[in-house]
Each structure stands twice: as structure tokens, then as C-alpha cells.
Amino acid sequence: MKCDKCNATIEQGEERQHNGQNLCEDCYIDALSPLKACDPWAVHSAKSLEKLTGSPSTLTPLQSEILKDLERNGPIEPPLLLQKLGAKVTMPQLEREFATLRHMERVRGEKRDGKVYWRLW
Ligand SMILES: [Zn+2]
């Protein structure tokens, strides 16, 4: 199967559904990005974040926690990170925060042995 957006080959069972499209992990994360959502506040804050790249004070508490965990423990599978963060966050929320961090080039996804890991940029 091919990604509807970037045309990359997607392994069986790895495709992600979004708005009726079959997307690869990267395009799916991009599609979840608040920058593309109809959310003026998110776009505004992401733009301010770009200006202040590197300053930890511009991160949400959840984003700081994601970065802290990746710094301390290295790459991790998203469901395991979700478990670590406990009941206060859902997978869609976590993926949204990850997408924001990805746009700031603080983190990225990586595939190893057919599994997706999140890691520092
Ligand atoms: Zn793609």
C-alpha cells in the first residue's frame, strides 16, 4: 500500500486512517498537527514557539515531560510512553503534543524492526 500523501510504501497493517486517506506514520503525525487544525490559538502559539525555539519555558507541562523522558531513557514506543504518563493523558492528546514537538524539531518518529519509536530529534 502507498501513502496517499507522500506516496511512501507502507507496510501491511502500518497504514493510518485519517479523513478517508491512508497515510504513513509521518504524514499521519503531520495531519494531526495543530498547525493544520482550525485552531487559531494553536497556530499562534506554535508561531511564537518557533521564535523562541529552545526555551523550555515555552513548552506545555506535557511536552516537557515527553522531552524529559526521551532525554533520560532514550527512544520509546508511543504506547509505553502513554503508560508512563499515566491516566492524565489520552493517546490522541499525546500524539498532538508529539506533533507540536516534531514541528519544533525537538522530537521525531523512527522505525526499528517494524516498530515505531519516538526519539529526540
Ligand atoms: Zn506519507
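**Entry 1: Gly109**

I started at Gly109, which lies in strand S3. I was working on a predicted model, and I kept that in mind throughout. Is Gly109 buried, exposed or something in between? Its relative accessibility came out at 27%, so Gly109 counts as partly exposed. Next I asked which residues Gly109 touches, not counting those up to four places away in sequence. I found Phe98, Tyr117 and Trp118. I also looked up the pair Gly109 and Ile76: they are 33 residues apart in sequence, with 9.6 Å from C-alpha to C-alpha.

**Entry 2: Val107, in the same strand**

I moved along to Val107, in strand S3, which covers residues 107-112. Buried or exposed? Val107 has 0% relative accessibility, so I put it down as buried; the cut-off for that word is under 20%. I then listed the contacts of Val107, leaving aside neighbours within four places in sequence. They are Leu67, Leu70, Phe98, Leu101, Arg102, Arg119, Leu120 and Trp121. Phe98 was already in my notes as a residue touched by Gly109. For Trp118, I noted that it sits 11 residues from Val107 in sequence and 7.0 Å from it in space, C-alpha to C-alpha.

**Entry 3: stepping back**

Time for the overall plan. I counted five helices and four strands in the secondary structure of the protein. Reading along the sequence, I wrote the pattern as β-β-α-α-α-α-α-β-β. How much of the protein is buried? Of its 121 residues, 39% count as buried. I also checked how contacts spread along the chain: among those with a separation of 6 or more, 43% come from residues 24 or more positions apart.

**Entry 4: the zinc ion**

Which residues of the protein are donors to the zinc ion? I found Cys3, Cys6, Cys24 and Cys27, each through its SG atom, lying 2.3 Å from the ion. Their spacing in sequence reads C-x2-C-x17-C-x2-C. The pair Cys3 and Cys27 links distant parts of the chain, 24 residues apart: Cys3 is in the segment before strand S1 (16-18), and Cys27 is in helix H1 (residues 25-32). I checked the cover on these two and noted both Cys3 and Cys27 as buried.

Then the geometry. Why is the arrangement called tetrahedral? The four donor atoms around the zinc ion subtend angles of 107 to 117°, and that makes it tetrahedral. My reasoning needed the cut-off here, which asks that all angles lie between 85 and 135 degrees. For reference, I jotted down that the ideal angle for four tetrahedral donors is 109.5 degrees.

**Entry 5: helix H1**

Cys27 led me on to the rest of H1. I found this helix mostly covered, with six of its eight residues buried. Which ones? They are Glu25, Cys27, Tyr28, Ile29, Asp30 and Leu32. These buried residues pack against S1, strand S2 (21-23), helix H5 (91-103) and strand S4 (115-120).

**Entry 6: Arg96 on H5**

Since H5 had come up, I looked at Arg96, which lies in that helix. Its relative accessibility is 35%, so Arg96 counts as partly exposed. How far apart are the C-alpha atoms of Arg96 and Ser33? I got 6.2 Å, for two residues 63 apart along the chain.

**Entry 7: H3 against H4**

I turned to helix H3 (residues 61-73) and helix H4 (residues 78-85), which pack at an angle of about 115° with their axes 11 Å apart. Their crossing is right-handed. Which residues make the contact? From H3 I listed Leu62, Glu65, Ile66, Asp69 and Asn73; from H4, Leu81, Lys84 and Leu85. Sorted by class, I have four nonpolar, one polar and three charged residues.

**Entry 8: two backbone angles**

Last, I looked at phi. Most residues other than glycine have a negative phi. Asn7 has a positive value, near 70°, and I found this residue in the segment before S1. Glu105 also has a positive phi, near 60°. Where is Glu105? I found Glu105 in the loop between H5 and S3. At 48% relative accessibility, Glu105 goes into my notes as partly exposed.

Key:
Residues numbered from 1 in each chain as written. Predicted model: local features only at pLDDT ≥ 70, side-chain atom pairs only at ≥ 80, totals over all residues. Heavy atoms only, no water. Axes fitted to C-alpha atoms, helices over the stretch in contact; angles between N-to-C directions. Helix = DSSP H or I, 4+ residues; strand = E, 2+ residues; numbered from the N terminus. Left-handed = near helix turned anticlockwise from the far one by under 90°. Contact = heavy atoms within 4.5 Å. Nonpolar A, V, L, I, M, F, W, Y, C, P; charged D, E, K, R; others polar. Donors = N, O, S within 2.8 Å, 3.2 Å for Na, K, Ca; no water. Tetrahedral: all angles 85-135°; square planar, octahedral: opposite > 155°, others 65-115°. Buried < 20%, exposed > 50% of the residue type's maximum accessible area, 1.4 Å probe, protein only.
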